[in-house]
Amino acid sequence: MQTQQLGPTDTDFAKAADILARGGLVAFRTETVYGLGADARNEKAVAKIFEAKGRPSFNPLIVHVADQAQARQLAVFNDIADALAETYWPGPLSIVLPLRKGHGLAPNVTAGLPTVAIRVPSNAAALEFLRRSDRPIAAPSANLSGSTSPTRAEHVTADLDGKIDAILDAGTCDVGLESTIVMPTDDGLHLLRHGAITKEELNQKFGTIFEPEQDQDAPSSPGQLLAHYAPRLPLRINATTPAADEYYISFESFDFPKDASEDARLRAFAQRLYGELHRAFVERELLGKSKIAVGPVPNHGIGVAINDRLKRAAKTG
Ligand code: TXA
Ligand code: MG
């Protein structure tokens, strides 16, 4: 299959929406990472996502919608969910909720679970693509299963060229890490994946935040069980002194704007981290480095999400 390269133009948005409507796969930019989109109501189209990524079928997908009204057709919102949607949508927060009767989603989107993860992305290109498509779009990150998520179109090409119908290139992602995933239940708010909407912030607004224990046998977010987010080179974390064969990514020596707060520096680091991991692999010969070492990253704010991804990446790297 020839993968079409599309851009954020009127004609190309129309082409992308048309491909999606016909059951094809389109990678598109969101504010977090690039997603690999398929019509969430079309079981065959959704099956192609699992095939292209090599993703295990028990790992459910996030459904992207254009607005809250569309989300409410798919899931049952409780009071916490209402407040979360009001506060953070459009934005990098996925909310896991019980499926609504008559939701119309293909069963493989949710991997047979009675719940669905939904989000309204804030990136303009993602919203335009959703509006033009006029249907919910199931989209995991647009990378091969287990590897580093793409934050630029060329990262998608490296993993999926020839396996998907099109890439809608709309530039570099703003956040650079996958969305925060939460599940509001009757007993409170559960944090299933750390992200740009931080635990600290959720805690201030919503009180106690429950976190599932790490490495449990039946995690509430099935994907979190897997080896994940790994670059194609061995990765070492909390490295203060890199070895000669290690490409060093250091929070301390990153070229941040002068006077940036630590919070702002962590966000800037998050935005560029995956790009650095991809670059280390692509340019390994040029750089003469066969491994990656990442320096310590302060563990607060978005730093918690960064450390979470790095830890998972190091496990399998
Ligand atoms: O930022 C993001 O979330 C990106 C962009 C494209 O939106 N998407 C993304 O998707 O990171 P993915 O498939 O790489 O990660 C989705 C995670 C998986 O860990 C999956 O297990 C979890 O969401 N998930 C999906 N549906 C769920 C559900 N019903 N209950 C619990 N976890 C769920
Ligand atoms: Mg992913």
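The following dialogue examines a predicted model of one protein chain and the terms applied to it.

Modeller: In this predicted model, local features need pLDDT of at least 70 and side-chain atom pairs count only at pLDDT 80 or more, while totals for chains, interfaces and linings use all residues. Residues are numbered from 1 along each chain as its sequence is written, chains are lettered from A and ligands numbered from 1 in the order in which they are written, and side-chain values use heavy atoms, with hydrogens and water left out.

Biologist: How do you know that the radius of gyration of the protein chain agrees with a compact globule?

Modeller: The radius is taken over C-alpha atoms, and the globule rule is 2.2 Å times the number of residues to the power 0.38. For 317 residues a value near 20 Å would be expected of a compact globule, and the protein chain has 19 Å, so the two agree. The C-alpha atoms fill a box of roughly 60 × 50 × 40 Å along the principal axes.

Biologist: How many helices and strands does the protein chain have, and what makes a run count as one or the other?

Modeller: Both are DSSP runs, numbered from the N terminus: helices are H or I with at least four residues, and strands are E with at least two. The protein chain has 10 helices and 14 strands.

Biologist: Why is R312 called buried?

Modeller: Buried means under 20% relative accessible area, exposed over 50%, and partly exposed in between, with a 1.4 Å probe and protein chains only. R312 has 11% relative accessibility, and therefore counts as buried. This residue is found in helix α10 (residues 303–316). R312 and H228 are 84 residues apart in sequence, yet their C-alpha atoms are 5.8 Å apart in space. Over the protein chain, buried residues make up 55% of the 317 residues.

Biologist: What makes E128 and R131 a salt bridge?

Modeller: The term requires a side-chain nitrogen of Lys or Arg within 4 Å of a carboxyl oxygen of Asp or Glu. The N to O distance for E128 and R131 is 3.8 Å, and the pair is a salt bridge. Both residues lie in helix α5 (residues 124–133), 3 residues apart, or about one turn of the helix. E128 and R131 also belong to a network of salt bridges with D10 and R132. By this rule the count comes to 22 salt bridges.

Biologist: Are E128 and R131 buried or exposed?

Modeller: E128 has a relative accessible area of 24%, so it is partly exposed. R131 stands at 51% and therefore counts as exposed.

Biologist: How do you know that E211 and K199 form a salt bridge, and where do they lie?

Modeller: Their closest N and O atoms are 2.7 Å apart, and the pair forms a salt bridge. It links distant parts of the chain, 12 residues apart: E211 is in the loop between β11 (209–210) and β12 (235–236), and K199 is in helix α7 (residues 199–206). E211, at 35% relative accessible area, is partly exposed, and K199, at 32%, is partly exposed.

Biologist: What separates K205 and E201 along helix α7?

Modeller: They are 4 residues apart in helix α7, which means about one helical turn. Their side chains meet in a salt bridge with an N to O distance of 3.5 Å. K205 has 47% relative accessibility, so it counts as partly exposed; E201, with 24%, is partly exposed.
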